[in-house]
Amino acid sequence: MTNADLGDHDWWEHYQEVVNNDDEMEVRGHDKFNENFYVEIGDERFLIQVEHGKVDDVIPEPGMNNQWSFGVEGSRKAWKEFVQEVPPAFNHEIIASHYRSAVKEEEDHLQLTGSNKKIFQNLRAFQRALDLMRKTHNNGGEL
């Protein structure tokens, strides 16, 4: 685990560095992943601006002038489980977690919002970007 707390400024700076230097992300998202998405951790929302598979900026509490195609929402507990080095079942992967909240209506799982079309057009790169949150949180360790 890093010295930074999940979702604080230092944590997001480290996340940006991890994503932008990830070889697999370059294969999955380079020149193709150009969508902004948000991450909502409890009551806090962060806009992740992605350009050519690289995180260009992370904007806390985006406003009316910011745009995004989709997002992921969850309680702080759900996100803390998601970023564990070995996460519990159904919080280990975004589609499994979404299924638990959207279909099974279970609490403390992550839920996708926004354009389904944009999510699935960018699914592999988006999943990798989320998985890299786990790497970020665990001191840059390998996934």
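At the start of helix 4, a side-chain oxygen of Glu93 comes to within 3.3 Å of the backbone nitrogen of Ile95. Helix 4 spans residues 94-102; helices here are DSSP runs of H or I with at least four residues, strands are runs of E with at least two, and both are numbered from the N terminus. The model is a predicted one, in which local features need pLDDT of at least 70 and side-chain atom pairs count only at pLDDT 80 or more, while totals for chains, interfaces and linings use all residues. Residues are numbered from 1 along each chain as its sequence is written, and side-chain values use heavy atoms, with hydrogens and water left out.

Ile94, Ala96, Ser97, Arg100 and Ser101 of helix 4 are buried, where buried means under 20% relative accessible area, exposed means over 50%, and partly exposed lies in between (1.4 Å probe, protein chains only). These residues sit on the same side of helix 4, because they cover an arc of only 165° around the axis; the arc is that of the directions from the helix axis to the C-beta atoms. Their cover includes strand 4 (70-74), helix 3, strand 5 (111-114) and helix 6 (123-137).

Helix 3 (residues 76-82) contains Glu81. Glu81 is buried, at a relative accessible area of 18%. Its side chain makes a polar contact of 2.7 Å with the side chain of Asn91. A polar contact is a pair of N or O atoms within 3.5 Å; within protein, one must be able to donate a hydrogen and the other to accept it, and residues adjacent in sequence count only if both atoms are side-chain atoms. Not counting residues up to four places away in sequence, Glu81 touches Pro87, Pro88, Asn91 and Asp108, contact meaning heavy atoms within 4.5 Å.

Asp108 also appears in the table, which lists two residues other than glycine with positive phi.

| Residue | Phi | Loop | Relative accessible area |
|---|---|---|---|
| Glu61 | near 50° | between strand 3 and strand 4 | 48%, partly exposed |
| Asp108 | about 60° | between helix 4 and strand 5 | 27%, partly exposed |

Most residues other than glycine have a negative phi.

The sheet is open, with 5 strands in the order 3-2-1-4-5 and mixed pairing. Two strands pair if DSSP finds at least two bridges between them. Strand 3 and strand 5 are at the edges with a single partner strand each, so one side of each has no neighbour in the sheet. From one strand to the next, the twist averages 25°. Strand 4 and strand 5 pair in the antiparallel sense over 4 bridges, and Glu73 stands opposite Gln111 in strand 5.

Helix 1 packs on the sheet, where it touches strand 1, strand 2 and strand 3, and its direction makes about 165° with that of strand 3. Helix 6 packs on the sheet as well, touching strand 1, strand 4 and strand 5, with its direction at about 35° to that of strand 1. Axes are lines fitted to C-alpha atoms, for helices over the stretch in contact, and angles run from 0 to 180 degrees between N-to-C directions.

The largest nonpolar core has 34 residues, and those with the most contacts inside it are Trp12, Tyr15, Phe37, Ile48 and Trp79. Such a core is a set of buried Ala, Val, Leu, Ile, Met, Phe, Trp, Tyr and Cys residues joined through side-chain atoms within 4.5 Å. Helix 6 gives the largest share of this core, 7 residues.
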